[in-house]
Amino acid sequence: MKSSSLSIGPIARLLIIVSLLGAFTVPGTLGQVTFKGLPMVPLPGNFSYATVAGDFGRNGARDVAVLSTNAVNSLYILTNDGTGTLTLAHTYPTQQSGQGIATADLNGDGSLDLVVASVDPISQLWGYSVLLGNGDGSFQSPVFYPQNVFALLNPAIAIADFNHDGKPDLAITTGSGVAVLLGNGDGTFGSPAYFSPGVGPSIVSADFSGDGKLDIATGGSFGSGGLAILLGNGDGTFQPAVYSSTALFNGLLAADLNRDGKADLVTGTPAAQVYLGNGDGTFKAPSPIGQPLEGPFVTVLADINGDGKPDAIGGRQMSSQACDGGLFLGNGDGTFGSYILVLEQVFSSVFAHPRWKLSRPQT
């Protein structure tokens, strides 16, 4: 990996990247920023499906949970020592091939917990596992909740309070629609209710209609494809989906990109696109991030340079077996600047995008 030096503003965050081969961090300093690679953490699995970052140890440092599959399906916990150095600290078996993961405090004890969505490769029935956090970077054994319902591979998870009761709820994409499970506040959830379509591998929640009720955006590269919006009723139910685009994509992110108080969307790949929200659940025509011929992708939206404008972190898919890593600084109007190369790194699997995870600077 090649280091690069560039000035991107007064504040730089710590970036955690998880590739197919392992995990490493890119720490930034203040002012003139030098991105420097730290040693990778080898992972036993053959393929890392999904990652999530959070302060699992409650010490101010972002840790990483990585879903991987090999002979035994596993979840790996990488702890952060506060300098960005990651160490493989815990391994937990998963009942099925885990493919979607999310984190939140599910039982109100102040510690982050994990939810893993999975699909049995033979029966194609989906299920989910809950791992309650101990607050020291470790977790209780996974509790598996099988569902006797068909699902496509690569389910995605959004955690939000859909019925305004102060308890985290789940929304999971399946081949049978978006499964919404209302939380009991103790790490358990009610039976799923299904809302169409929810067949793509991407999901995100925000108030797209400006009515104070959380909505869902979903879609992706298989099933019915396209970008679908499910407006929330505020009680954990949703209106029928309305399609805003029929384009195929992977990855879906939400943020207020132009600072107008309305939630916008970004589709991550194969060519990153911006959908500016109108504030009523509809969106303007998409505009590209970067040069489409270079295959730009986005995996995180965050203010990397501290100017109050969301930036796009991702890279460019140079071929089916190679991509680099970098970022597009946001202009605050829904557009982004030219690509800034951070990592010259070749990944040796088809469309193996680096999984960027953002960590706040340590104090």
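Modeller: A salt bridge here is a side-chain nitrogen of Lys or Arg within 4 Å of a carboxyl oxygen of Asp or Glu, and the model to which this is applied is a predicted one.

Biologist: How many salt bridges does the structure hold?

Modeller: Glu294 and Arg316 form one of them, with their closest N and O atoms 3.7 Å apart, and since the cut-off is 4 Å this pair therefore qualifies. Arg316 also meets Asp324, at 2.7 Å from N to O. The number of salt bridges in the structure is two.

Biologist: Which residues are joined into one network by salt bridges that share partners?

Modeller: Arg316 meets Asp324 in a salt bridge, and Arg316 forms a salt bridge with Glu294 as well. The salt bridges share partners, and the residues joined into one network are Glu294, Arg316 and Asp324.

Biologist: How many residues apart are Glu294 and Arg316, the pair that links distant parts of the chain?

Modeller: The salt bridge between Glu294 and Arg316 has its closest N and O atoms 3.7 Å apart. Glu294 sits in the loop between strand E25 (287–288) and strand E26 (296–302), whereas Arg316 belongs to strand E27, and the separation of the two along the chain is 22 residues.

Biologist: Is Arg316 buried or exposed, and at what relative accessible area?

Modeller: Glu294 has a relative accessible area of 32%, so it is partly exposed. Asp324, the other partner, is buried. For Arg316 the limit that matters is 20%, because buried means a relative accessible area under that value. Arg316 is therefore buried, with a relative accessible area of 16%.

Biologist: Strand E27 also holds Gly314; why does Gly314 count as buried?

Modeller: Gly314 is found in strand E27, which spans residues 311–319, and its C-alpha atom is separated by 9.8 Å from that of Thr269, 45 residues away along the chain. Gly314 counts as buried because its relative accessibility is 0%.

Biologist: Which side chain of opposite charge is nearest to the buried Asp113?

Modeller: Asp113 is placed in strand E11 (residues 113–119), and it is buried yet has no salt bridge. A salt bridge would need a nitrogen within 4 Å, so a partner at 9.2 Å does not qualify. The nearest side chain of opposite charge, at that distance of 9.2 Å, is Arg58.

Biologist: Which backbone nitrogen does the side chain of Asp113 reach?

Modeller: Leaving aside neighbours within four places in sequence, Asp113 is in contact with residues including Thr103, Asn107, Leu132, Gly133 and Phe139. The side chain of Asp113 reaches, at 2.6 Å, the backbone nitrogen of Gly133.

Biologist: What is the approximate phi of Arg58?

Modeller: Arg58 lies in the loop between strand E6 (47–54) and strand E7 (63–69). Its phi is positive in a residue other than glycine, with a value near 55°.

Biologist: Where does His164 lie, and what is its phi?

Modeller: His164 counts as partly exposed because its relative accessibility is 48%. His164 lies in the loop between E14 and strand E15 (169–174). Although His164 is not a glycine, it has a positive phi of about 60°.

Biologist: At what distance does the side chain of Asp256 reach the backbone nitrogen of Gly261?

Modeller: Asp256 lies in the loop between strand E22 (250–255) and strand E23 (264–269), and at 26% relative accessibility Asp256 counts as partly exposed. A polar atom of the Asp256 side chain lies 3.3 Å from the backbone nitrogen of Asp260. The side chain of Asp256 reaches the backbone nitrogen of Gly261 at 2.8 Å.

Biologist: In which strand of the protein chain is confidence lowest?

Modeller: The mean pLDDT of the protein chain is 81, with 79% of its residues reaching 70 or more. Over residues 1–14 the pLDDT is below 50, although this stretch has 65 contacts in the model beyond near neighbours in sequence. The highest confidence is in strand E14 (residues 157–160), at a mean of 96, and the lowest, at a mean of 34, is in strand E1 (residues 4–7).

Biologist: How many strands does the protein chain have?

Modeller: Buried residues make up 53% of the 363 residues in the protein chain. Of the contacts between residues at least 6 apart in sequence, 45% join residues at least 24 apart. The protein chain has zero helices, and its number of strands is 30.

Definitions and conventions:
Residues are numbered from 1 along each chain as its sequence is written. This is a predicted model: local features need pLDDT of at least 70, side-chain atom pairs count only at pLDDT 80 or more; totals for chains, interfaces and linings use all residues. Side-chain values use heavy atoms; hydrogens and water are left out. Helices (H or I, at least four residues) and strands (E, at least two) are DSSP runs, numbered from the N terminus. Buried means under 20% relative accessible area, exposed over 50%, partly exposed in between (1.4 Å probe, protein chains only). Contact means heavy atoms within 4.5 Å. Lys and Arg count as positive and Asp and Glu as negative; His and the chain ends are not counted. A polar contact is a pair of N or O atoms within 3.5 Å; within protein, one must be able to donate a hydrogen and the other to accept it, and residues adjacent in sequence count only if both atoms are side-chain atoms. pLDDT is the predictor's confidence in each residue, from 0 to 100.
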